[in-house]
Structure formats: structure tokens, C-alpha cells
Amino acid sequence: MVRDIEWKEFFSDDERYADIINGIACQGRQAVTKTDLQELDTQIGFLRGVNFVHRLHDTFMNRKIKIRDCVRKAAFGINFAIIGIESQEVMDYSIPLRNMAYDVGEYEKQATKIRKEVRKKYKGLRAGEYLYGFRKESRLYPVVTFILYSGTEEWDGPHSLYEMLDFTDIPDGLIKMVLVSK
């Protein structure tokens, strides 16, 4: 836990954050600088209910709220990407699944904002556009999360959700339709 706090403090420096993005995703090319980064809320999920203390306990216990280590909105020209950094000190064989939950939570945050904007800003929406709050032109920013493992054992766990899936006796046609990268 102490090491986790140290990592969060270390990566709160936007220059280091930019170095991770440039070093890992951009093969060392400087695509972003610290001025291209904007810190975002690390909480994913919402508190509901009457009593705050009970809501907080119930929400964490039922895993409706997740707290990311670090997350930034990174500018790339006229576009943005949401980039998270998670520090991992102990082996977690389910980390691709946890990572997916973080990323989906970020997409849901974006979708909620888009839905409000679409319903408020646009008139004459088709039924589906109003009902679901998305227009044909609506777009989400890409979300990427880097897992930085600092454990003493060599990582022998899965690197992707695809590696966690059991495809025994599953037809090739269905396997090809799984939308997770290998």
C-alpha cells in the first residue's frame, strides 16, 4: 500500500507521465509533453442512496466504485486520449479484467456527458438518438491504461483479456468475433 502511494505521487508529475506515454506507446518519439496533459478524476462509478457512510461502504463492497491510480487526458493535435497508469506490485492474474473495467468506466463517463449534450443541444432527433443519447456523429476518446508491474517475481500472468479466455471447443468463427486484442 505504501509503495502504491509512492507510485501515485511519482506519476503525479506530468513530465514523468508524458515520458511513460512517449516511451511505451510512441516508441520513444515525443508525441506529448507535460503541457498536453490534464489530470482527471480517478473515481469511476457513482454514489447512490440516502446515507453517505452506508453508500460509501456498500458501493466499495459491491465494487460499484473503482479508484484508478492515475489518469490524464492527453492532447494529440486536435484530438484527445484518456491514459491511465496503474501500478502493480503483486501478481494479479485477473489484471486484464480489472483494466477492462477501468477502461469501460472511462468510456461510460464520456458517454454520459455525450448523452446529456445530445438531448440538450439537438432538436429533431430520431427516436433512437434521443432514447440512447447518441447521434451518428457522436464519438468517444480512446482510453488506454498502462500497467506498470514492479513485483519481484517475473510476470507470468496474462497480458490481455484474450489470454484469459477459454476457447476450448469454441468454433473458429466465434473466436474471431471476440473483440479483444491478442
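Here a biologist and a modeller talk through a predicted model, asking how its features earn their labels.

Biologist: Let's start with the sheet. What makes β1 and β6 edge strands?

Modeller: Four strands form an open sheet in the order β1-β4-β5-β6, with mixed pairing. Strands β1 (37-39) and β6 (143-149) each pair on one side only, and they are the edge strands. From one strand to the next, the twist averages 30°.

Biologist: How do you know that β4 and β5 pair?

Modeller: Pairing takes at least two bridges between two strands. Seven bridges join β4 (residues 70-76) to β5 (residues 79-88), so these strands count as paired, and they run antiparallel. F76 stands opposite N79 in β5.

Biologist: Which helix packs on this sheet?

Modeller: That is helix α4 (residues 95-121), which touches β4, β5 and β6. The direction of α4 makes about 150° with that of β6.

Biologist: Helix α4 also holds E106. Why is E106 called buried?

Modeller: Buried means under 20% relative accessible area. E106 has 3%, so it counts as buried. Leaving aside residues up to four places away in sequence, E106 touches D41, I44, R68, V71, I82 and V143.

Biologist: And why is L97 called partly exposed?

Modeller: L97, also in helix α4, has a relative accessible area of 45%. Partly exposed covers what lies between the 20% limit for buried and the 50% limit for exposed, so L97 belongs there. Together with M100, V104 and M164, L97 makes a nonpolar surface patch of about 320 Å².

Biologist: What makes R68 and D103 a salt bridge?

Modeller: The rule asks for a side-chain nitrogen of Lys or Arg within 4 Å of a carboxyl oxygen of Asp or Glu. Here the N to O distance is 3.9 Å, so the pair qualifies. R68 and D103 are both buried. R68 lies in the loop between β3 (66-67) and β4, while D103 is in helix α4, so the pair ties together parts that are 35 residues apart in sequence. R68 and D103 are also linked with E86 and E106 in a network of salt bridges.

Biologist: How do you know that D92 and R98 form a salt bridge too?

Modeller: Their closest N and O atoms are 3.0 Å apart, within the 4 Å limit, so the pair counts. D92 is buried at 16% relative accessibility, whereas R98 is partly exposed at 25%.

Biologist: How many salt bridges does the rule give?

Modeller: The count comes to nine.

Key: Residues numbered from 1 in each chain as written. Predicted model: local features only at pLDDT ≥ 70, side-chain atom pairs only at ≥ 80, totals over all residues. Heavy atoms only, no water. Helix = DSSP H or I, 4+ residues; strand = E, 2+ residues; numbered from the N terminus. Axes fitted to C-alpha atoms, helices over the stretch in contact; angles between N-to-C directions. Contact = heavy atoms within 4.5 Å. Patch = residues over 30% accessible without salt bridge, like charges linked within 9 Å, V, L, I, M, F, W, Y side chains within 5 Å. Areas by Shrake-Rupley, 256 points an atom, 1.4 Å probe, with all protein chains shown as cover. Buried < 20%, exposed > 50% of the residue type's maximum accessible area, 1.4 Å probe, protein only.
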